[in-house]
Amino acid sequence: MTKKTTRAEINPILWRACDTFRGVVDPAEYKNYILPMLFVKYISDAWRDEYEASLARYGGNVERVQRRMERSKFPIPEGADFYSLYAAREADNLGERINMALAAIEEANIEKLEGVFRSIDYNSEAALGRTRQRNQRLRSLLTDLADPRLDLRPSRLEDADVIGDAYEYLIERFAAGAGKKAGEFYTPRPVSTLLAGLLDPRPGDRIGDPACGSGSLLVRCARAVGGDNYALYGQEINGATWALAKMNMFLHDISSARIDWGDTLRHPTLLEGDGLMTYDVVVANPPFSLDKWGIEEAAVDPYKRFWRGLPPKSVGDYAFISHMIATADVHTGRVGVIVPHGVLFRGGREGVIRQALIEENLLDAVVGLPPNLFYGTGIPAAILVFRRQKKDRSVLFIDASREFGAAAPQNVLRDEDVAHILAVYRAREAADKYAYLAELAEIAENDYNLNIPRYVDTYEPEPEVDLAAVAEEIGDLDRRLAEVEARLQGYLRELGL
């Protein structure tokens, strides 16, 4: 029986490969060198797997095999595969060779990979050092990924999700060391799982993320559907992160996803006819309180996304929320967005928009999360859930801020914490010191303030003090103190003091 490549084998090898760049390249950036090379290694192994299978199928007829390989999932030009690069690892122009190989792969797969490698330069002196140092680092990377235990042929993997999981494993590890930049490209897996559970993606759903980062939220929603009857759409402003999302989709065997590169707020690209594309599920972890988000363009927005009001020019949270509501299908649309707590109670322009959303009966739930869950920020966040077609005129408030696993550098939502939140959300009932179902009239009485402590009472009364017992304890202590002082005086007299 052929030995299968497991997660337990892959992940340590990949993490060791990262040692090549530690201390040389900023942690937020070296993912842009490791992950594309892992992608090239995977498609090279997949191509080899398919070639060997075709060779057996056609009885060794190389001509027929070559014609078949021209229609493979990722055709690879001669000399551009990972193993050709590994064979040339001693070349003086190794960085240039890698760049040329990536360009050739992109050209051969232009419909799928156009632009994916455009922001990656393996020959950059500024990023990877002078020629000798650069070649040594690239040689080490190729050698690590050539480890025979890192066999990524699909027929050798323990299951279909192994390589996709390994890719996300690396992204998560990079996020842990990337500081403030981490939040730009990764949402912790338990939070993604929670969001998918709250929105309940179903077969046939169209799912969109207007600030998709590396695509982890979209992948989690896709997995929640079960099967492959769904459509994924995302837009990402950062070119390098957009490339990661594209590769992430392919490594999770999601070849039909459309991931666009661009600024969602200023220039949304996911359109249908003259309007915005709409979705059954809209999910996002947008940048918190984004400054200079594009108020000038929003004032003349051709898609009328901001008719409830323009958010402040230096705080873009409600700009993303307004966009997400506008792209939710009017019949089936469900929206889940991660926000800083200020979104719940800030006044001014944000207060006007918040009031409008509540009065329209779009807000379904507010879920308060524990602190320090997200890479790059320790502030607590919340999830807002909106629904286009609600069955009641109430909002469920859940205070999940006290249930988490304490860890470093980030706290984590445990499986049981996610399960608790989802169970209470689905029951849609009050739970002592955890959840409260507020009617819209009550929220109006609170001036449309959504601050969770206004609704969920988590106060724990101090235990009653037994004054008689305390008095008795004090008396006992006084007696014992008197005895100790008497003995001390006796010792001092014996010493003549």
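Me: Taking contact to mean heavy atoms within 4.5 Å, which residues is Ser 192 in contact with, leaving aside its neighbours within four places in sequence?

Reply: In this predicted model, Ser 192 belongs to helix H10, which spans residues 189–199. Once the neighbours within four places in sequence are set aside, the contacts of Ser 192 are Thr 187, Ser 216, Leu 217 and Arg 220.

Me: Is Ser 192 buried or exposed?

Reply: The cut-off that matters here is that a residue under 20% relative accessible area is taken as buried. Ser 192 has a relative accessible area of 1%, and therefore Ser 192 is buried.

Me: How are helices H5 and H8 oriented to each other, and why?

Reply: Helix H5 covers residues 94–108 and helix H8 covers residues 131–145, and the two pack with their axes 9 Å apart at an angle of about 55 degrees. Angles under 35 degrees would count as roughly parallel, and those from 65 to 115 as roughly perpendicular. Because the angle falls in neither range, H5 and H8 are described as oblique.

Me: Which residues of H8 does H5 meet?

Reply: On the H5 side, the residues taking part are Leu 94, Gly 95 and Ile 98. By class, the contact of the two helices has four nonpolar, two polar and one charged residues. The partners in H8 are Asn 135, Leu 138, Arg 139 and Leu 142.

Me: Which residues is Leu 102 in contact with, leaving aside its neighbours within four places in sequence?

Reply: Leu 102 also lies in helix H5, and at 3% relative accessibility Leu 102 counts as buried. With the neighbours within four places in sequence left out, the residues in contact with Leu 102 are Val 40, Phe 117 and Tyr 122.

Me: What separation do the C-alpha atoms of Leu 102 and Lys 292 have?

Reply: Along the chain, Leu 102 and Lys 292 are 190 residues apart. In space, the separation of their C-alpha atoms is 35 Å.

Me: Which strands each supply at least two residues of the lining of the largest cavity?

Reply: The model holds three cavities of 30 Å³ or more, and the largest encloses about 90 Å³ of space. Its lining includes Gly 208, Asp 209, Tyr 233 and Gln 235, and the residues of that lining divide into six nonpolar, five polar and one charged. The strands that each supply at least two lining residues are E1 (206–209) and E2 (231–236).

How values were computed: Residues are numbered from 1 along each chain as its sequence is written. This is a predicted model: local features need pLDDT of at least 70, side-chain atom pairs count only at pLDDT 80 or more; totals for chains, interfaces and linings use all residues. Side-chain values use heavy atoms; hydrogens and water are left out. Axes are lines fitted to C-alpha atoms, for helices over the stretch in contact, and angles run from 0 to 180 degrees between N-to-C directions. Helices (H or I, at least four residues) and strands (E, at least two) are DSSP runs, numbered from the N terminus. Angles under 35 degrees count as roughly parallel, over 145 as roughly antiparallel, 65 to 115 as roughly perpendicular and the rest as oblique. Contact means heavy atoms within 4.5 Å. Ala, Val, Leu, Ile, Met, Phe, Trp, Tyr, Cys and Pro count as nonpolar, Asp, Glu, Lys and Arg as charged, and the others, Gly among them, as polar. Buried means under 20% relative accessible area, exposed over 50%, partly exposed in between (1.4 Å probe, protein chains only). On a 1 Å grid over the protein atoms alone, a cavity is a set of points where a 1.4 Å probe fits but cannot get out, and a pocket is an open set with protein on both sides within 12 Å along at least five of seven lines; lining residues have an atom within 4 Å of a point. Grid points are joined across faces, edges and corners, and a volume is the space filled by probe spheres set on the points.
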